[in-house]
Amino acid sequence: MTFEIDPRLLANSMALPPLGLSDLRLMDDVRFPWLVLIPRVPGATELDDLDPAQRAVLIEEIALAGAMVRALSQALDQPINKLNTAALGNVTAQLHVHIVGRRRDDPLWPDPIWGRGPPVARAEGETARLAALVSSDSPR
C-alpha cells in the first residue's frame, strides 16, 4: 500500500514543505489561520494506527504547526486567542490533524468550525503568499 493524500484534503489546501512524518498543508480559508498535518503512513485512519515512535513525532509536529499558526496569525495582524487541535476524520477517514487559530471575533467563535459554512477562499495568490511566508519564517 502506498501513501496518497485523500483528494478532499488536497482540494482546498496548499502544500508546504513536508515535516519528518507528516505532509503539511495550509488551508485556503480566509476565516482562520489553519494548517493540516497528514502523517505519511499508508492506511492510517486513527492515532493508534501509528506506532509509539510515530505518535511521539506527530505530537512534536503538532506543537511545531501550532507555532507556525501563531506566526501566521501575527503576520496577518490577527493574533489568536486559542489554538484548536483536532483529528476528527468523520468526513475524510485518512488520519490528519487540524491546527486552527481562533479569535474571539472570528465568524464562528466560540462554536466549532466543522460543518459551519463553506470555506471562504483567499484572494488569488494570497494562499501562495502565505504558504511562502510560513515556509520561510516558520520555526523548524
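Start with the whole chain in view: buried residues make up 41% of its 140 residues. What you have open is a predicted model, and this tour moves through it one selection at a time.

**Stop 1: the whole chain**

Colour the chain by secondary structure. You should find three helices and five strands. Reading from the N terminus, the elements follow the order α-β-β-β-α-β-β-α. The radius of gyration is 14 Å, close to the 14 Å that the globule rule gives for 140 residues, so the chain is as compact as a globular protein of that length. Turn the C-alpha trace around and you will see a span of about 40 × 30 × 25 Å along its principal axes. Now switch on contacts. Of those with a separation of 6 or more, 58% are between residues 24 or more positions apart.

**Stop 2: the largest pocket**

Next, show the surface and look for the largest pocket, which holds about 480 Å³ of space. It is lined by 22 residues, and the closest to its centre are W34, V91, H98, W114 and G115. Select those five to place yourself. What classes of residue make up the lining of the largest pocket? There are ten nonpolar, eight polar and four charged residues.

Stay with G115 for a moment. This residue sits in the loop between β5 and α3. G115 counts as exposed, because its relative accessibility is 83% and exposed means over 50%. Draw a distance from its C-alpha atom to that of V91: G115 and V91 are 24 residues apart along the chain, and the separation is 10.0 Å.

**Stop 3: H96 and its surroundings**

Now select H96, in the loop between β4 (82–86) and β5 (97–102). Is H96 buried or exposed? At 5% relative accessibility, H96 counts as buried, because the cut-off for buried is under 20%. Show its side chain and look for two partners. One is the backbone oxygen of Q94, which the H96 side chain reaches at 2.6 Å. Another is the side chain of H98, with a polar contact at 3.2 Å. H98 is a residue you have already met, among those closest to the centre of the largest pocket.

Widen the selection to see what surrounds H96. Leaving out residues up to four places away in sequence, H96 touches L9, V36, L37, I38, P39, A86, A87 and G89.

**Stop 4: Q94 and A87, in the same stretch**

Move to Q94, which is also found in the loop between β4 and β5. Q94 counts as buried, with a relative accessibility of 14%. Where does its side chain lead? A polar atom of the Q94 side chain lies 2.9 Å from the backbone oxygen of E4. E4 also appears among the contacts of Q94 beyond four places in sequence, a list that includes F3, I5, D6, L9, I38, A44 and T45.

Then pick A87, again in the loop between β4 and β5. A87 counts as partly exposed, at 40% relative accessibility. Beyond four places in sequence, A87 touches H96 and V97. For a sense of scale, the C-alpha atoms of A87 and L24 are separated by 14 Å, with their positions 63 residues apart along the chain.

**Stop 5: V41**

Jump to the loop between β3 (34–39) and α2 (52–75), where V41 has its place. V41 is buried, with a relative accessible area of 13%. Setting aside neighbours within four places in sequence, V41 is in contact with F3, L21, L50 and Q54. F3 is also in contact with Q94, from the previous stop. To look across the model, draw a line from V41 to V120: their C-alpha atoms are 30 Å apart in space, and the two residues are 79 apart in sequence.

**Stop 6: two backbone details**

Finish with the backbone itself. Most residues other than glycine have a negative phi, and most peptide bonds are trans. With that in mind, select D77, in the loop between α2 and β4. Its phi is near 60°, a positive value in a residue other than glycine. D77 counts as exposed, at 67% relative accessibility.

Last, zoom in on W109 and P110, which are joined by a cis peptide bond with omega about -5°. P110 lies in the loop between β5 and α3 (126–137).

Terms used. Residues numbered from 1 in each chain as written. Predicted model: local features only at pLDDT ≥ 70, side-chain atom pairs only at ≥ 80, totals over all residues. Heavy atoms only, no water. 1 Å grid on protein atoms, 1.4 Å probe; cavity = no way out; pocket = protein on both sides within 12 Å on 5 of 7 lines; lining within 4 Å. Points joined across faces, edges and corners; volume = space filled by probe spheres on them. Nonpolar A, V, L, I, M, F, W, Y, C, P; charged D, E, K, R; others polar. Helix = DSSP H or I, 4+ residues; strand = E, 2+ residues; numbered from the N terminus. Buried < 20%, exposed > 50% of the residue type's maximum accessible area, 1.4 Å probe, protein only. Polar contact = N/O pair within 3.5 Å; in protein donor to acceptor, adjacent residues only side chain to side chain. Contact = heavy atoms within 4.5 Å. Rg over C-alpha atoms; globule rule 2.2 N^0.38 Å.
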